[in-house]
Amino acid sequence: MPARHDRDRIMKKKDKQRIDWPNHLIGFFSALFGILIAFELDEWRERNNQRELADMAMERMMTEVEFNQNMLHSNVEENAFRLAVFIGLLDKLNDQLLFTGTRDEADSVNLHFANFVMMDTVNISTNHRGFPAHLDFSHLTMPAQHTSAWESAKATGVLNFMGYEKVLALSSVYNYSLITEELLFIRNLTKQADEISSKHELEVYLAEVSESLHIIQRELARYDLFVNMLRAD
């Protein structure tokens, strides 16, 4: 009897010392899944935050891009109109840039294009060879595009949260070198335009500006394609 009692006591002790593997495994995997879910939630929050930052940055850049686009189109159209007026006056200008048309024609020019062309019909003697023509070329300078939203997106690294094709389209819009080069060329030409003193010099100037403006108009059509790609996204 004592021996049997000792065996029972030993068996109960072993039962107490036996590891409850099913419960341990359940506890382990529960803790593991909890950690994984927590990591996944953190990543989801991070992705969601990045997406929100990217969306806000994209909204600001699109506002800026559309402003630049409208400004370029408006400016190019206005410059094309002014250039056509200057070219149209060439036949009425002599080598000394005197307007050889009638006084009524000179007054008509002053009436319709007073903000950038003026024929001096006041201080002229009766024996004059023409009316002095004052041509304002400063309006032919092109505006610089706005880039603050683009520079901010680059500086903050938010472009890393956007798709490759979208970033490529944005880069193409903001770094359209051909348009920029022609704008700079026209700007530099116009800085020297006040020194024009003969009809030949004026013809050369207008021909160079016309060529640059034609290039800008052509490249602006391609620029519009990139902007439309961004709008489609």
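Phe161 sits in a loop, the one between helix α4 (148-156) and helix α5 (164-174). The model is a predicted one. In this model Phe161 is partly exposed, with a relative accessible area of 35%. Phe161 also belongs to a patch on the surface. Together with Leu53 and Met56, Phe161 makes a nonpolar patch of about 250 Å².

Now step back to the whole chain. The chain has seven helices and three strands. Follow them along the sequence and the order reads α-α-β-α-β-β-α-α-α-α. How much of the chain is buried? Of its 233 residues, 33% count as buried. The chain exposes about 15300 Å². Carbon and sulfur atoms supply 56% of that exposed area. Contacts tell another part of the story. Take the contacts with a separation of 6 or more: residues 24 or more positions apart account for 74% of them.

Next, look at the strands. Strand β3 covers residues 131-135. Two other strands pair with β3. Strand β1 (residues 98-99) is joined to β3 by two bridges, and the two strands run antiparallel. Find Leu98, and its bridge partner in β3 is Pro132. Strand β2 (residues 117-119) is joined to β3 by three bridges, again with an antiparallel run. Here Met119 has Ala133 as its bridge partner in β3.

Which side chains of β3 are buried, and which are not? The side chains alternate along the strand. Phe131, Ala133 and Leu135 point to one face and are buried. Pro132 and His134 point to the other face and are not buried.

Charged side chains come next. The structure holds six salt bridges. One of them pairs Glu66 with Arg231, with the closest N and O atoms 3.1 Å apart. This pair links distant parts of the chain. Glu66 is in helix α2 (residues 21-89), while Arg231 is in helix α7 (residues 199-232). Along the sequence, 165 residues separate them. Both partners can be placed by their accessibility. Glu66 is partly exposed, at a relative accessible area of 29%. Arg231 is partly exposed too, at 42%.

A second salt bridge stays inside one helix. Glu78 and Arg82 form this pair, and their closest N and O atoms are 2.9 Å apart. Why are they about one helical turn apart? It is because the two residues are four residues apart in helix α2. Their surroundings can be compared with a single cut-off: a residue is buried when its relative accessible area is under 20%. Glu78 has 33% relative accessibility, so Glu78 counts as partly exposed. Arg82 has a relative accessible area of 7%, so Arg82 is buried.

A third salt bridge joins neighbours in the sequence numbering: Glu219 and Arg218. Their closest N and O atoms are 3.0 Å apart. Is Glu219 buried or exposed? Glu219 counts as buried, at 1% relative accessibility. Arg218 is partly exposed, with a relative accessible area of 41%. This pair is part of a wider set. Arg218, Glu219 and Arg222 are linked in a network of salt bridges.

Finally, trace the route once more on the structure. Start at Phe161 in its loop between α4 and α5. Move on to β3, which is joined to β1 by two bridges and to β2 by three. End with the link from Glu66 in α2 to Arg231 in α7.

Technical notes: Residues are numbered from 1 along each chain as its sequence is written. This is a predicted model: local features need pLDDT of at least 70, side-chain atom pairs count only at pLDDT 80 or more; totals for chains, interfaces and linings use all residues. Side-chain values use heavy atoms; hydrogens and water are left out. A salt bridge is a side-chain nitrogen of Lys or Arg within 4 Å of a carboxyl oxygen of Asp or Glu. Buried means under 20% relative accessible area, exposed over 50%, partly exposed in between (1.4 Å probe, protein chains only). Patches are made of residues with over 30% relative accessible area and no salt bridge: like charges are joined within 9 Å, nonpolar side chains (Val, Leu, Ile, Met, Phe, Trp, Tyr) within 5 Å. Accessible areas come from the Shrake-Rupley method with a 1.4 Å probe; for residues, only the protein chains shown count as cover. Contact means heavy atoms within 4.5 Å. Two strands pair if DSSP finds at least two bridges between them.
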